[in-house]
Each structure stands twice: as structure tokens, then as C-alpha cells.
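Trainee: I would like to go through the terms used for this model and see how each value earns its label.
Mentor: Go ahead, one term at a time.

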Amino acid sequence: MSHQLSAGSIKLLQTASPDDVTVFESQHTLQFLSIKRVGNTPNPTGATPPDRYRIIMSDGVHYMQAMLATQLNSLVQDNIIGKNTIALIDKLTCNYVQEKRLIIVLGLRVLQHSAEKIGDPQNLESSDTAEGAAGNQGSATSASTPTPIAKPVSVGTSSGMRQQAPPPKGRHGNIYPIEGLSPYQNNWTIKARVMQKSDIKTWSNARGEGKLFNVTLMDDSGEIRATGFNLAVDELYPKLEEGKVYYISKARVNLAKKKFSNVNNDYELSFERNTEVEECHEITNVPTIKYNFVPLNALEELNKDAICDVIGVVKEASPLSEITSTKQNRQIPKRDLTLVDKSGFSVRMTLWGKQAEQYNAAEPSPVIAFKGVKVGDFGGRSLSMYSSSTMHINPDIDECFALRGWYDSAGSDQTFKAHSIASGASSTFGFNRAEIRSFDEVKQTGFGMPDKPETFSARGTIMHIKSDNISYPACPTPSCNKKVIEMNGSWRCEKCDKSFPAPEHRYIMSMAVADYSGQAWLQGFNEVGIAVFGMTANELLETKDRNLSRTHIMRTLVFGMASRASNH
DNA sequence: CCCCCCCC
């Protein structure tokens, strides 16, 4: 296997304008000549910050230095990439740190883990930056002008000559990428959008009391959570608005406690007394909120406690109510919305605190986009907002317009399926328990993956129950259910290593069930038997002992019954 | 320095 490296890519990466997506979000086949761990010393708290990896990447003609985004560290640690690995790199970001271009690799796919070094690549950086660092500056550079990292070069593409983009300058100094922040840098400014702002929270515990708020900040390199305490709340809570872009500097960088946040960064910011925050009014390429919407019918494919984005029309909004949190011993305002979408499903979404109070229930059926909400299993599937979730009413996005049009023209007259308690198991075939399938349909689809159960619901009539072996004597220990054997007048369970005076009989029955499309043999266990016969297996056996004909009982009980059974 | 994300 041999791969052609993208000759010319290194020059492009060194010279393109930092926001040129045709370079930084397109594909480059490069070889990693070396991968080195850097700058990882324990911080004053004794905690060890995450590793950072510096890589040398080559296009066969030139090589350059870059950093690996920390979220890709596992690729190194798990030896998925190593020396001379050839990879297709499809997302990078370009930033400036102390006027030096810093390239961060954000996305890649390994093409070949181990390879021979290709070509005899030359260092593109050394001619300028190494000299600069050595104080041997060429005539073109001076202390007051940005050091060119590479001379503009023709790279032999249709784009021709590219101008070296100057590092962002001005009164905000060096704009750092969020991904590049660490406790060891101290003169940085980030330019970031507030993606989410929490309520002001107060606490009181053994260590004291106070108030705080959080924001999630994002730029094109990554995201980070920031927290302001007490005085910083007074100063910055009113200033920072969701959706706006700010220059932020002189905040403290701490190691994040990952288990308390799903923000993808190993660090967190703490707003301090001298932290500077200034709104950025220019038009920028700082990213806006990105959604990955899950249609409401697909919620059952997500696990309980999963975090997801949804968009839906508010079909109903409950009045504001309150719950008493037993855990925290306080009242918490809440409001339930019923969301619907084109999938024909409805789901309950719970808002808490300020979100619940401030929701304007007077507005008829708005479309709301939610980011980062929690999947619950109440009533099959439910949704609930975290303090880190966001909701946007009638957002200016295509999905919102589409839902609005659908609801106003058709959706508002439709009835919606609720998720049901029984639903939840995912199915390769997209069967879900809320929908009734015919036996023929199930048989046509087949039985899928070996060892993977398929779940479906059917409605049919029980045509026959095998009467020769309808129940077995089981161990009475709760949830043991193992078959017991009669020995010397008592019943012995081998699993529990115990004997009992009497067994608990449990149903194990085979039924022929038919619907309009065909017939199937279904095996039902105890719960099914109780549902079908309306009595326990013990009771059924007693009836039999009282000398009634079993066939007679069955005929009586089964006749006229609309039976349901589920099958795996 | 919080770190709870709740109830039915």
C-alpha cells in the first residue's frame, strides 16, 4: 500500500489566511515525522494537566510543526498514530501565539499506521522563525513588525499566489485559540462567543456560601467553560449575553473537573477581579451554535441520561408549577412543554428555574430548538433541561422554518404518538414497540443479527395453547425462578441450595397466535400466563385439582379475549 | 469556592 502525500499542502498551511476554509477544512494527506509530548509539568495544585503533543508533519516536500488538539490525544496514547503514520487530515485551525503561526490538527483519518519516510522534506519554518528566535533577524523583519513565517509562495494551484496573513493585532494583543489555553500562558486574550449562560446559583455549605454563574465559550478551535463567583457575578453576569462575542483576558485557567461538565476541554476559566471582558462588535468568523437534532421518534434509540439536541413545536405548555426537591430541601419552579415534530411523535420537555418562570406560555405554538438536553425514561421517553442546556424560541434556522410550515399547514390538526413505557429497546429494523406489526411483516423482515433480540408488538388472537406443559414448579425465592425438584416430600432448589415445603408454579406456555396476516408460535412466561389466564399458575393448578377439566378452563378463559403478547 | 439538574 502506498499513499501519495499532498505535495504543496505544507506551504499552503503556512501561508493561507487563517480563516481560509478551502485550506483548513479540506483534505491533506500528510506524514507525521515525529510526535512529541510537550509542556506537561504538574501545576501548583499537584494535578497533572493533560498531555499536549507536538507533531512534525510532512507533505514529502516540506515539513512543519503543528499541535494535536487535546481531544485527539488518545490517538497517540493508543498508538493509533505514531512516527511515519500517513493520515488524511481534514480539519485544522490556524492561530497566532506571540505572532507565531500555530497550526492545530483537529481532525484526521489514519491511512497507514506504519510507513517508510517519504521523500526528503525540508523545513519550511526554519528559514524565518528559527532565525528570528536566534536573534539573527533578516533585513525584512524588525521587532515592531510581525515576523513572516514563510514568504508568500506560489503553490502551483489555481489559487496561485497567497498573501501571508498578518497576525491579528491591535489593542487586544494576541488572540489565542481556546484550544491553546493552558495554565502556563498568562498574557492571552480569547475572542469567543457565549454559547450558553446559566442562571445565577447560590450555595451554602460547610465551606461557606456564595453565588456563581457559568458560561460556555466557543471559538473555532474549541470550547471552554468559565465560572464567575460572587463579585464577578455582579460585574460580569449582566455584561455577558448569550450569543454575543467577547474579547476575554486575564481570567484564571484551572484544570477542569471533567465529571461535572460535558464541555470538551481539559481546562476551565475562572473570572477574577481583574478579568477583562469586552464585547466584540465586528463581524467575525467565531462559530455560532451548531445543532445535531434528533427527531422525536428516534429518542427511544437513545439511552436514558443521554444528552441530545431536539427541535419541535410546542403543542402544549403547562402552567408554572413547583416541585420540592427532597435532596436539596427547596422549591424548584418547573414547567412542562409538549413538543411535537414531523415524525408524528410527541415528548414532554421539562424546563426548570428561570427558564420555567420566564417561558411565555401566551405565545401560541412556537418552534423551540434545544441544545444539550437530558433524555429521561419517564413515560417511555422524556426530556429535561440541564443548567447547561440552551433553548432558542423560533430560531433563524432552516429546521425551524420547515417545522413552522408543516405545523401551520398540517401538523396542528394531527394526533401524535407518545413514547410508551414499553418502548425503549432499539431494533436493527427500526421496529418499535409503540407500533403494531403484523406477523407476516415480521417474518418477511427476518430475524436480523444473531444474538441480537428484535422487539416488536403484534395484535392477535390466541388460537391454541399447548396444554401438556403449561407451567413448572419454581423456586419461591424472589427472582430465582429456577426449577425445583421434589425430594422426600420437599422441593429442592440447586441454585439456592435450599429446600421448600412447596414450589411456586410459574407459567411456561407455547401459544399459537394469529392475526390477519398469518400465525406464529409464541412462548410466554409467567407474566404472560397471568395476563392470559387472569390467575397465577398455582391458582390454575388448584382449580385443576378441584377436578375441573383443564380444557374447559382454557376455553372459558381464552374465549373472546383480545390478547397481547410480546416476543423476542 | 459550584458540581444540584430535581417531581410524577
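Mentor: Buried means under 20% relative accessible area, exposed means over 50%, and partly exposed lies in between, with a 1.4 Å probe and protein chains only. The model is predicted, so local features need pLDDT of at least 70 and side-chain atom pairs count only at pLDDT 80 or more, while totals for chains, interfaces and linings use all residues. Residues are numbered from 1 along each chain as written, chains are lettered from A and ligands numbered from 1 in the order written, and side-chain values use heavy atoms, without hydrogens and water.

Trainee: Why is Cys 400 called buried?
Mentor: Its relative accessible area is 4%, which is under 20%, so Cys 400 is buried.

Trainee: What makes Cys 496 partly exposed?
Mentor: Cys 496 has a relative accessible area of 25%. That value lies between 20% and 50%, so the label is partly exposed.

Trainee: Why is there no bond from Cys 496 to Cys 480?
Mentor: A disulfide is a pair of cysteine sulfur atoms within 2.5 Å. The sulfur of Cys 496 is 3.6 Å from that of Cys 480, its closest cysteine sulfur, so the pair is too far apart for a bond. By this rule the count of disulfides is zero.

Trainee: What makes the approach of Lys 374 to DNA strand B a polar contact?
Mentor: A polar contact here is a pair of N or O atoms within 3.5 Å. A polar side-chain atom of Lys 374 is 2.6 Å from a phosphate oxygen of the strand, so the pair qualifies.

Conventions:
A polar contact is a pair of N or O atoms within 3.5 Å; within protein, one must be able to donate a hydrogen and the other to accept it, and residues adjacent in sequence count only if both atoms are side-chain atoms.
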